[in-house]
Amino acid sequence: MAFDHGAPHDLDSGLEQAADCGDTRAMMHLADSLKRRDTSQAERWIRKAAEAGEPEAMYRLAQLMTGQRADEAEYWHQRAAETGHVQAMYVTGMTAQDTEERERWLRRAAEMGLADAALALGRQLRDRGVFREAEHWLRTAETEERHWAKPVDAGLGPRHQACLDLADLLEAQGRVDEASRERDKANSIRDWEWNMNSALFFRRSASGTVAVTAVVTAAVIPFVQALVSKVAEDAYGKAREIVRRMLRRAPGPAAADSAATLLIADDPDERITLYLWSNVTDDALRALSCLDLNELTAQRPDRGRVRLVWNPATSRWQIRGDEGNR
């Protein structure tokens, strides 16, 4: 096995190679690497990923368009929400003009564990006089920790606010003792949020996220067959370990074990290039096991070279150059 020692030193070139071949995660990482020095190029890659069906890209593009092109922002928020993007569901719910539509999206986001959505839904139901269900969602918001990872000012988090709203609701119903307990809980949560926010801010500032690209020249077909043998055993963890071992042998991927790392495996003899992330999903591995690599090498759809990229939007391996699989 020989390694291309030049490519890993140029992070963007490896990511751009994968992005050009349709890897939406590479597009997103490339956009992140460009956003401080070339915002227009960063936006271009986010848009390409959104148009390719990447939910996070749809949401981020919508956020970029907010305040600039309201109609486009609404369109991409709606598209992302329809794919199941929880934050997009929340935004769509909060901006919907129709009460029924607003409740529908907030309820879906709340059911997926978003405390902000549970809080907003509880408040809306309270304002409509649906007190029993409002209490349920306010209690859900005060205990929900999933999808709560954004820094907020102390005392302004959804859990703290839910406690205060719930206390007011209970007090209005004459449940004074319960209301008092909720106010005490609000104080405890306020302190917890303050400590959590401090830890999150420090961790995010100190580490950041870096995608390491390893370009490896290898025999791709035996490599894929080795992965497939592990998939056949339903041992996806073992299959991913093969990818991580391959990355550790490549020069420079120091962060391979701590961050999502892109592996570009190239087989010059068979003319197959495989783009694979270190935390590849079970669905991708399962679908890879169904590919007929011999048939792929015979097709040569992309000017004599087969390029395989996983497309999460379609849950299929995309064959670059084959128009029917784009």
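Modeller: Two strands count as paired if DSSP finds at least two bridges between them. Keep that in mind as we go through this predicted model.

Colleague: Okay, what makes E4 and E5 a pair?

Modeller: Four bridges join E4 to E5, and the rule asks for at least two, so they count as paired. The two strands run parallel. One bridge to look for is leucine 274, whose partner in E5 is leucine 308.

Colleague: What makes E3 and E4 a pair?

Modeller: It's the bridge count again: E3 (residues 262-267) and E4 have six bridges, with at least two needed, so they pair. Here the sense is antiparallel. Isoleucine 264 has tyrosine 275 in E4 as its bridge partner. E3 and E4 also form a hairpin with four residues between them, and arginine 271 in that turn has a positive phi of about 55°.

Colleague: And how do you know that E5 pairs with E6?

Modeller: Count once more: E5 (residues 306-311) and E6 (residues 316-319) are joined by four bridges, and at least two are required, so this is a pair too. These strands run antiparallel. Tryptophan 310 meets tryptophan 317 of E6 as its bridge partner. In their hairpin, serine 315 has a positive phi near 55°.

Colleague: Why is E4 called largely enclosed?

Modeller: Buried means under 20% relative accessible area, and six of the six residues of E4 (residues 272-277) are buried, so the rest of the structure largely encloses this strand. Ile272, Leu274 and Leu276 point one way, while Thr273, Tyr275 and Trp277 point the other way, and all are buried.

Colleague: Which residues does tyrosine 275 touch, leaving aside its neighbours within four places in sequence?

Modeller: Its contacts include Cys21, Leu262, Ile264, Leu308 and Trp317. Tyr275 is also listed among the residues with the most contacts inside the largest nonpolar core, which has 57 residues. Apart from that one lies another core of 27 residues, Val220 and Phe223 among them.

Colleague: Why are cysteine 21 and cysteine 163 called buried?

Modeller: The cut-off is under 20%. Cysteine 21 has 7% relative accessibility, so it counts as buried. Cysteine 163 has 0%, so it does too.

Colleague: How many disulfides does the model have?

Modeller: A disulfide needs a pair of cysteine sulfur atoms within 2.5 Å, and by that rule the count is zero.

Colleague: What makes the link from serine 33 to leucine 30 a polar contact?

Modeller: The side chain of serine 33 reaches the backbone oxygen of leucine 30 at 2.8 Å, and the limit is 3.5 Å, so the distance fits. Serine 33 is in helix H2.

Colleague: What does helix H4 pack against?

Modeller: The buried residues of H4 pack against helices H2, H3, H5 and H6. Among those buried residues are Ala57, Tyr59 and Leu61. After H4 comes glycine 67, whose phi is positive, near 90°.

Colleague: How do you know which parts deserve caution?

Modeller: Look at pLDDT, the predictor's confidence in each residue, from 0 to 100. The protein averages 78, and 76% of the residues score at least 70. Among the elements, helix H7 has the highest mean, 95, and strand E1 the lowest, 34. Over residues 198-211, pLDDT stays under 50. Residues 322-326 are below 50 as well. Where pLDDT is low, the predicted coordinates should not be read in detail.

How values were computed. Residues numbered from 1 in each chain as written. Predicted model: local features only at pLDDT ≥ 70, side-chain atom pairs only at ≥ 80, totals over all residues. Heavy atoms only, no water. Buried < 20%, exposed > 50% of the residue type's maximum accessible area, 1.4 Å probe, protein only. Contact = heavy atoms within 4.5 Å. Core = buried A, V, L, I, M, F, W, Y, C linked by side-chain atoms within 4.5 Å. Polar contact = N/O pair within 3.5 Å; in protein donor to acceptor, adjacent residues only side chain to side chain.
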